[in-house]
Amino acid sequence: DLFYINDIIDATELTLVDHNRLTAEISGNVVAIIDHHMDEGQHQDCANRNVAFADGKALVASTCTLVTERLHVLAEKPYPNSLSILLLGVILLDSVNLNPKFGKVTLRDFAAVEHLLESTDWESSSCWNGRPDPNEIFDKLQNAKFNPEFWRSLSVRDALRLDYKSFSDNTFGASTVLMAWGEFRLKENLVHDIDAYMKDCGVGFLAIMLAFEENSSLSRELVLCARKNIALDDLVGFLQSEETVQLAEFEECVPAHKVELTVRRFTQANAKASRKQVAPILMKFF
């Protein structure tokens, strides 16, 4: 988001939220970090540095849990319901409704949700009749997030850029797409547009992490897109040696294309391994 803000203002003091490294396109002094991704070791001298990640995993399911903890210390109560519903929605989505079976939620996430529910002026809300039901919030947001009609309506470029992050000084990128490859591959000019998007991002390797609901549970696939200068066989071997991901390759041809791009597709047996776990493995390889 800050990339676009930089076109409008000359930022001098920045707080990074849900990231811990400033991209090269943005100028400014990082004064605080609130994040739960692998620490990339940047901005060590900033005044307030809270990176909740250790031993290969996030210490909270959501950065909004960290924001809530900060509110608890610094903000007056009760909180406005408009603020609390935004924080609750993200925490519930990121933790999959506080469900331990998905391996994301922590005690801190439970505490943050309860604190927001107890410390908010819900009576003044025009949307909620008193204290809201977290299950109702989650169901509405989850249904919208995985809405298949929405994902089918997107172009390849829009699907890739909706949740894209670059890593290792833009050595590679990773996009999360919430649909199965069987549907994603039906998009017009698929491989050509993947290639064009990679060129626009300036990366020679792109991991497309596909997450979708199947038989009432979350399933994942991983599609690796690489140019000739990437040792893709070595990378595949490296990923398959990592128990965290549990990849098995599909012996399937991708749609015909005329660009110099290799595309390989894998099923990911460990559906709990999101980009937070896969990206550090890729960073280790590169």
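Where is the place of Asp55? Select Asp55 in your viewer, and you will find this residue in the loop between strand E4 (53–54) and strand E5 (57–58). Keep in mind throughout the tour that this is a predicted model. With Asp55 still selected, look at its backbone, where phi is near 55°, a positive value in a residue other than glycine. Asp55 has a relative accessibility of 80% and therefore counts as exposed, since the cut-off for that word is over 50%.

**Helix H2 and its partners**

Next, select helix H2 (residues 63–74) together with helix H4 (residues 107–118), and turn the view until you can follow both axes, which come within 9 Å and cross at roughly 55°. Two packed helices are described by the angle between their axes and the distance between the axes. At this angle, H2 and H4 are therefore oblique to each other, and their crossing is left-handed. To see which side chains take part, show Thr65, Leu66, Thr68, Glu69 and His72 in H2, which meet Arg108, Asp109, Ala112, His115 and Leu116 in H4. If you colour the residues of this contact of H2 with H4 by character, they divide into 3 nonpolar, 4 polar and 3 charged.

Keep H2 in view and add helix H3 (81–94), whose axis lies 9 Å from that of H2, the two helices packing at an angle of about 145°. On the H2 side, this contact is made by Cys64, Thr65, Val67, Thr68 and Leu71, and on the H3 side by Leu83, Leu87, Val90 and Ile91. The residues of the contact of H2 with H3 divide into 7 nonpolar, 2 polar and no charged.

**Two loops to visit**

Now select Pro78, which lies in the loop between H2 and strand E6 (79–80). Look at the peptide bond that leads into this proline from Lys77, for it is cis, with omega near 0°.

Then move to Asn97, in the loop between H3 and H4. Its phi is near 60°, which is a positive value in a residue other than glycine. Is Asn97 buried, partly exposed or exposed? With a relative accessible area of 21%, Asn97 is partly exposed.

**The aromatic rings**

For the last part of the tour, show the side chains of the aromatic residues, since the structure holds 9 aromatic pairs. Begin with Phe150 and Trp151, which form an edge-to-face pair, with 5.6 Å from centre to centre and 80° between the planes. Phe150 is partly exposed, with a relative accessible area of 35%, whereas Trp151 counts as buried at 3% relative accessibility.

Now select Phe238 and Phe285, whose ring centres are 5.6 Å apart and whose planes stand at 50°, so that the pair is tilted. This pair links distant parts of the chain, because Phe238 belongs to helix H10 (residues 232–240) and Phe285 to helix H11 (residues 275–285), and the two are 47 residues apart. Phe238 counts as partly exposed at 23% relative accessibility, and Phe285 is also partly exposed, with a relative accessible area of 25%.

Finally, widen the selection to Phe167, Phe172, Phe205, Phe238, Phe285 and Phe286, which ring pairs link into a cluster.

Technical notes:
Residues are numbered from 1 along each chain as its sequence is written. This is a predicted model: local features need pLDDT of at least 70, side-chain atom pairs count only at pLDDT 80 or more; totals for chains, interfaces and linings use all residues. Side-chain values use heavy atoms; hydrogens and water are left out. Axes are lines fitted to C-alpha atoms, for helices over the stretch in contact, and angles run from 0 to 180 degrees between N-to-C directions. Helices (H or I, at least four residues) and strands (E, at least two) are DSSP runs, numbered from the N terminus. Angles under 35 degrees count as roughly parallel, over 145 as roughly antiparallel, 65 to 115 as roughly perpendicular and the rest as oblique. A crossing is left-handed if the near helix is turned anticlockwise from the far one by less than a right angle, and right-handed if clockwise. Contact means heavy atoms within 4.5 Å. Ala, Val, Leu, Ile, Met, Phe, Trp, Tyr, Cys and Pro count as nonpolar, Asp, Glu, Lys and Arg as charged, and the others, Gly among them, as polar. Rings of Phe, Tyr and Trp (its six-membered ring) pair if their centres lie within 6.5 Å; planes under 30 degrees apart count as stacked, over 60 as edge-to-face and the rest as tilted. Buried means under 20% relative accessible area, exposed over 50%, partly exposed in between (1.4 Å probe, protein chains only).
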